[in-house]
Amino acid sequence: NMKKERLEICKKLLSLLSTENSLLDLATGHGKFARLAKEMGYNVTAIDARKDRMPNYKGIKWIVVDLANINISDYQIVLCLGILYHLNDPEELVKRMKNSITILDTHFAASEKVEHLGYKGDFYKENRSALTSSFNDDLSFWPSKKELLRMLNKYYSVVMELIPSYMNGRTFFLLIP
């Protein structure tokens with residue numbers, strides 16, 4: 001089960017880090033990762049641009065805000081799970097997260113059909129009316145895996161990949177400034 005495995009991988013990665021750190025869950029959606037972090041003892045803030053799916057679980061600071069309008073550097077740990085591949089400019093978010101330990105779960109393109117903002121990959125059309133789609137972008141850009149690694153290594157000292165069993169073209173990273 002993909003959802004269960006994603007939670008387990010996130011739990012393993014969070015268990016390596018200190019719960020003394022403040023944690024930000026970007027584009028929290030259903031809030032399951034924020035709840036997991038809270039149950040592990042983290043001080044959690046969860047944000048999403050849409051309130052429709054966002055739960056109200058006690059002990060978590062829930063904020064309805066576009067991620068473009070939040071100061072990510074206020075947090076020591078960032079969960080960026082299932083959002084990077086919904087952006088037209090994924091590097092802009094990576095740059096903003098670079099000073100935080102980041103747990104990233106993202107898709108990458110299987111091809112390098114286009115070059116966009118200095119990276120090779122492919123475009124994907126977003127269905128902005130869907131709650132699980134981009135809030136701002138009609139087209140998202142997925143760099144290829146090689147290009148994604150080049151992007152991450154540009155901003156982080158340590159880039160560790162954890163390859164989940166459930167899907168080709170999607171992976172987890174632990175990123176350390």
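Helices and strands are here taken as DSSP runs, numbered from the N terminus. With that in hand, the loop between E1 and H2 is easy to place, and Ala27 lies in this loop. The model is a predicted one, and the description below follows its helices and the residues around them.

Ala27 makes a good starting point. The phi angle of Ala27 is positive, near 50°, although the residue is not a glycine. Because its relative accessibility is 23%, Ala27 counts as partly exposed. A similar case is found in another loop, the one between strand E6 (114–116) and E7, where Leu117 is located. Leu117 is likewise a residue other than glycine, and its phi is positive, near 55°. With a relative accessibility of 49%, Leu117 counts as partly exposed.

Beyond the loop that holds Ala27 comes helix H2, which spans residues 32–39 and has Phe33, Ala34, Leu36 and Ala37 as its buried residues. Viewed down the axis of H2, these buried residues fall within an arc of 160°, so they line one face of the helix. The general geometry of helices helps here: an α-helix has 3.6 residues a turn, so residues three or four places apart point the same way. The cover over the buried residues of H2 includes helix H1 (2–15), together with strands E1 (22–25), E2 (43–48), E3 (61–64) and E4 (77–81). After H2 comes Gly41, with a positive phi near 110°.

Arg35 also belongs to helix H2. This residue counts as partly exposed because its relative accessibility is 34%. Apart from neighbours within four places in sequence, Arg35 has contacts with Tyr57 and Ile60. For a sense of scale, the C-alpha atoms of Arg35 and Gly118 are separated by 37 Å, and the two residues are 83 residues apart along the chain.

How does H1 meet H2? The axes of the two helices come within 10 Å and cross at roughly 35°, and the crossing of H1 and H2 is right-handed. From H1, the residues Arg6, Leu7, Cys10, Lys11 and Leu14 meet Lys32, Phe33, Leu36 and Ala37 of H2. Sorted by class, this contact of H1 with H2 contains six nonpolar residues, no polar ones and three charged ones. Phe33, Leu36 and Ala37 thus appear both in the contact with H1 and among the buried residues of H2.

Attention now turns to helix H4, residues 145–155, whose buried residues are Glu147, Leu148, Met151, Leu152 and Tyr155. Seen along the axis of H4, they fall within an arc of 135°, so they line one face of the helix. Among the elements that cover them are helix H3 (90–97) and strands E5 (101–107), E7 (119–125), E8 (139–143), E9 (158–162) and E10 (170–176).

The pairing of H3 with H4 completes the picture. Their axes come within 9 Å and cross at roughly 30°, and H3 and H4 are therefore roughly parallel to each other. The crossing in which H3 passes H4 is right-handed. On the H3 side the contact is made by Pro90, Glu91, Val94 and Lys95, and on the H4 side by Met151, Leu152, Lys154 and Tyr155. The residues of this contact comprise five nonpolar, no polar and three charged. Met151, Leu152 and Tyr155 take part in the contact with H3 and are also listed among the buried residues of H4.

Conventions:
Residues numbered from 1 in each chain as written. Predicted model: local features only at pLDDT ≥ 70, side-chain atom pairs only at ≥ 80, totals over all residues. Heavy atoms only, no water. Buried < 20%, exposed > 50% of the residue type's maximum accessible area, 1.4 Å probe, protein only. Helix = DSSP H or I, 4+ residues; strand = E, 2+ residues; numbered from the N terminus. Arc of directions from axis to C-beta. Contact = heavy atoms within 4.5 Å. Axes fitted to C-alpha atoms, helices over the stretch in contact; angles between N-to-C directions. Parallel < 35°, antiparallel > 145°, perpendicular 65-115°, else oblique. Left-handed = near helix turned anticlockwise from the far one by under 90°. Nonpolar A, V, L, I, M, F, W, Y, C, P; charged D, E, K, R; others polar.
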